[in-house]
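Biologist: Could you pull up the model and talk me through it? I'd like to hear the reasoning behind each label.

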Amino acid sequence: MIEDIDRDVFVRIQTDLLVVGDSIMTDRHHASNGNYNDDDPQNQIGGIIPAFPLSGWLRHGLEVTVQEYGGTACHPGEANANFMKDGIYQRDLDAGYHEKGACTDNPKKDSGCVVFDLFGGFGGVPGKVMRRPIKFNPVRSSVDYTRGQAEGHYRRLNRNIVSRNRGDNREALRNASIDAVANLDGCWQLSFREMKPAFIGLLAEGIDFLDAHKTDFMHQLGGARNFGAGVVDCALINPLYEDHELKRVFDRRQGNTNKMDEKDDQWAEEYRPAFVNALDERIEEGP
Ligand SMILES: [Zn+2]
C-alpha cells in the first residue's frame with residue numbers, strides 16, 4: 001500500500017499574509033532593471049520562502065499530534081543548551097516531550113521515536129523527510145505546483161515607530177521595514193528519503209491539526225502573529241494524485257475529474273485509515 005505513495009508529498013498552503021523572520025530571498029535584482037521601487041504595485045517580484053519557519057511550524061504540529069496519540073516527542077533542543085529561561089526544558093519534558101535523542105541508543109541503527117525518525121538532527125543522522133523552501137511567483141501561469149511552488153506577492157511593509165511623548169506630536173522616531181508575502185497559495189513539497197506508513201499517517205493527522213488550530217498563536221506560521229499574519233489554511237494534497245491532477249487542484253476554472261474523486265474516496269476509505277493505524281501502532285510500541 002505504501003508503495004503506491006510517491007516519495008514527494010505535497011501540502012497545500014494558503015495564507016493572506018506571511019512574515020518570515022528568517023527573511024525572504026527575492027529575485028528583485030533580476031526584475032528591477034535598476035529602477036526598482038519597494039512600494040510599486042507593478043512589481044513582479046518572485047522569491048523564496050526559506051524552509052526553517054515552515055519546518056518548525058510543521059514539526060510543532062506533528063509533536064502535538066504524537067502527544068494526542070499518547071506518545072512523547074523528541075524535544076527539538078539539546079538538553080544542555082543554554083536556554084534563556086530556567087527550568088524551561090524540564091517543563092517541556094513534563095508537557096509531553098523526552099530529551100532529544102533519549103529514544104535511541106544508537107541513532108545510526110535505531111530510528112528512535114517517529115519525530116526523531118522524521119526530523120533527525122542528533123548523532124549526525126539526517127531526518128527522513130526533507131523540507132524544501134517554497135519558491136513563489138506573482139504570475140500564476142509561471143508557478144510549477146509539481147515542484148513545490150506557489151503564487152505569492154512579495155511586499156515590503158514599512159512602519160513608522162512614533163514617539164509617545166505628548167510634546168513630540170507622534171513624530172516618527174524610526175522606520176522599520178519587513179518582508180512579507182501576501183495572498184500565498186501553493187504547494188509545499190516534502191521529500192521522503194525513506195517512506196514508512198506511520199510517516200504519512202502522522203503527516204495527515206498533523207496537517208489536519210494545524211488547519212483546525214490555525215488561529216492559535218502557537219500554531220500560526222512565522223512572525224507578526226498578533227497582526228493576523230501566518231494564519232494558514234493547510235491540507236495534505238491526496239498523495240495518490242498524479243502531476244496533472246495536482247495541477248488541477250490549483251486551476252480555478254476546472255474541478256475534480258471523476259478519476260480524482262475516485263482517488264479521494266480511496267484515500268479516505270482505505271489508505272489514510274491504514275496509515276493512521278500504522279502511526280497508532282508505532283506510538284503504542286513506544287519510542
Ligand atoms: Zn525521540
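Biologist: What makes Leu 62, Glu 63, Val 66, Ala 73 and Cys 74 residues that Val 115 touches?
Modeller: Contact here means two C-beta atoms, placed from the backbone, within 7 Å. Val 115 has those five as partners, leaving out residues up to four places away in sequence. Mind you, this is a predicted model: local features need pLDDT of at least 70, side-chain atom pairs count only at pLDDT 80 or more, and totals for chains, interfaces and linings use all residues. Numbering runs from 1 along each chain as its sequence is written.

Biologist: Why is the largest group of 56 residues called a nonpolar core?
Modeller: Because its members are buried Ala, Val, Leu, Ile, Met, Phe, Trp, Tyr or Cys, joined through C-beta atoms within 7 Å. Buried means 20 or more other C-beta atoms within 10 Å of a residue's own. Val 115 is among the members touching the most others, as are Val 11 and Trp 188. Helix H5 (residues 197–212) gives the largest share, eight residues.

Biologist: How do you know that the reach of H7 is close to the expected one?
Modeller: Helices are DSSP runs of H or I, at least four residues, numbered from the N terminus. The expected span is 1.5 Å times one less than the number of residues. H7 (residues 258–284) has 27 residues, so 39 Å is expected, and its C-alpha ends lie 38 Å apart.

Biologist: And what is centred on Trp 267?
Modeller: A kink of about 45° in H7. The bend is the angle between axes fitted to the seven residues ending there and the seven starting there.

Definitions and conventions:
A residue is buried if 20 or more other C-beta atoms lie within 10 Å of its own, exposed if 12 or fewer, and partly exposed in between; C-beta atoms are placed from the backbone. Helices (H or I, at least four residues) and strands (E, at least two) are DSSP runs, numbered from the N terminus.
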